[in-house]
Amino acid sequence: LVEPKAVVFECGPNCGCGPGCVNRTSQRGLKYRLEVFRTPKKGWAVRSWDYIPSGAPVCEYIGLLMKTDEIDTVSENNYIFDIDCLQTMKGLDGRERRLRDVSIPTYVDNGDDHNSDSVPEYCIDAGSTGNVARFINHSCQPNLFVQCVLSSHHDIKLARVVLFAADNIPPLKELTYDYGYALDSVMGPDGKIRQMACHCGAADCRKRLF
């Protein structure tokens with residue numbers, strides 16, 4: 001991918017093509033040798049032993065599919081990834097609007113469904129079950145971007161979340177993406193606003209993760 005898209009439609013089980021089809025790029029599993037390593041300030045992080053070209057799919061964010069309103073907010077789980085593809089397509093809550101040449105199906109864009117406009121209905125919980133993607137850190141100047149991909153179905157609320165390279169990434173450079181938190185948007189179990197400092201080290205660092 002040259003740039004992030006509203007949504008990428010890949011071939012699915014009803015297509016007659018095989019796994020080698022060029023429109024199944026993100027379905028081929030890990031292609032690069034990824035390593036989880038420890039950092040001084042950010043905890044665990046991920047880097048690649050291989051060169052990653054710009055636009056290449058790196059890995060999918062894997063975990064348990066959950067309803068957002070069923071997530072346990074009391075326990076400290078930092079591996080929740082909201083499937084906010086619909087919200088991103090509409091440019092809601094400060095998200096970068098990506099709805100360009102893609103029209104939202106009428107069964108999804110229901111004006112009466114206020115819940116879908118405010119809070120993503122589903123999320124991926126990688127707290128207990130996941131893959132290497134859950135260890136990739138945030139950066140205010142990332143080298144990966146989040147891409148919603150549809151293949152086995154066309155329900156944008158249940159899209160696959162795939163991380164693509166935003167730049168040419170040399171070997172052993174830490175992999176990062178923008179978590180997309182708005183400042184003062186994260187609430188703790190006590191109902192108070194949580195704050196976390198950002199240690200990404202980027203020249204334009206926002207100094208706070210949320």
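Which residue forms a salt bridge with Lys-42, and how far apart are the closest N and O atoms? Keep that one in mind; we'll get there after a look around.

**Before you click**

This is a predicted model, so local features need pLDDT of at least 70 and side-chain atom pairs count only at pLDDT 80 or more, while totals for chains, interfaces and linings use all residues. Residues are numbered from 1 along each chain as its sequence is written, and side-chain values use heavy atoms, with hydrogens and water left out.

Start by coloring by pLDDT, the predictor's confidence in each residue, from 0 to 100. The protein averages 83, and 81% of the residues score at least 70. Now select 97-114: here pLDDT stays under 50, and the model has 29 contacts beyond four places in sequence for this stretch. (Contact means heavy atoms within 4.5 Å.) Where pLDDT is low, the predicted coordinates should not be read in detail.

**Stop 1: the four-stranded sheet**

Switch to cartoon. Strands here are DSSP runs of E, at least two residues long, and helices are runs of H or I, at least four, numbered from the N terminus. Two strands pair if DSSP finds at least two bridges between them.

Select 8-9, 144-150, 160-165 and 57-60. These four strands make an open sheet with mixed pairing, in the order E1-E9-E10-E4. At the edges sit E1 (8-9) and E4 (57-60), each pairing on one side only. Inside the sheet, E9 (144-150) and E10 (160-165) run antiparallel over six bridges. To see the register, show Cys-148, which stands opposite Val-161 in E10.

**Stop 2: a hairpin**

Next, pick E2 and E3. They run antiparallel, joined by six bridges, and a hairpin of three residues connects E2 to E3. Val-36 is a handy landmark, standing opposite Val-46 in E3.

**Stop 3: the three-stranded sheet**

Now select 64-67, 122-125 and 80-82. This open sheet of three strands has the order E5-E7-E6, with antiparallel pairing. Its edge strands are E5 (64-67) and E6 (80-82), each paired on one side only. Neighbouring strands are turned by 30° against each other on average, direction ignored; the axes are lines fitted to C-alpha atoms (for helices, over the stretch in contact), and angles run from 0 to 180 degrees between N-to-C directions. E5 pairs with E7 (122-125) in the antiparallel sense over four bridges, and Met-66 stands opposite Cys-123 in E7.

**Stop 4: salt bridges**

Turn on side chains. Side chains of opposite charge can pair when their charged atoms come close. A salt bridge here is a side-chain nitrogen of Lys or Arg within 4 Å of a carboxyl oxygen of Asp or Glu, and by this rule the count comes to nine.

Back to the opening question: the partner of Lys-42 is Glu-174, with the closest N and O atoms 2.8 Å apart. Glu-174 lies in the loop between E10 and E11 (176-177), and Lys-42 in the loop between E2 and E3 (43-48), 132 residues apart. For accessibility, buried means under 20% relative accessible area, exposed over 50%, and partly exposed in between (1.4 Å probe, protein chains only). Glu-174 counts as buried because its relative accessibility is 19%, whereas Lys-42, at 24%, is partly exposed.

Next, show Glu-10 and Arg-160, whose side chains meet in a salt bridge (3.7 Å, N to O). Glu-10 is in the loop between E1 and E2 (34-39) and Arg-160 is in E10, 150 residues apart. Both residues are buried.

Then select Asp-178 and Arg-206, another salt-bridged pair, with closest N and O atoms 3.2 Å apart. Both belong to the segment after E11, 28 residues apart. Asp-178 is partly exposed at 31%, and Arg-206 is partly exposed at 37%. Now add Glu-60 to the view: salt bridges that share partners join Glu-10, Glu-60 and Arg-160 into one network.

**Stop 5: Pro-142**

What does Pro-142 touch, leaving aside neighbours within four places in sequence? Show Asp-167, Thr-176, Tyr-177 and Asp-178, which are in contact with Pro-142. Pro-142 sits in the loop between E8 (137-138) and E9, and is partly exposed at 22% relative accessibility. Its C-alpha atom is 7.6 Å from that of Leu-175, 33 residues apart along the chain.

**Last stop: 194-210**

Finally, select 194-210, which an unreviewed UniProt entry annotates as "domain: Post-SET". UniProt positions follow the numbering used here, feature names are shortened, and annotations may be inferred rather than shown by experiment. Over this stretch the chain is 0% helix and 0% strand, and the end C-alpha atoms are 7 Å apart.
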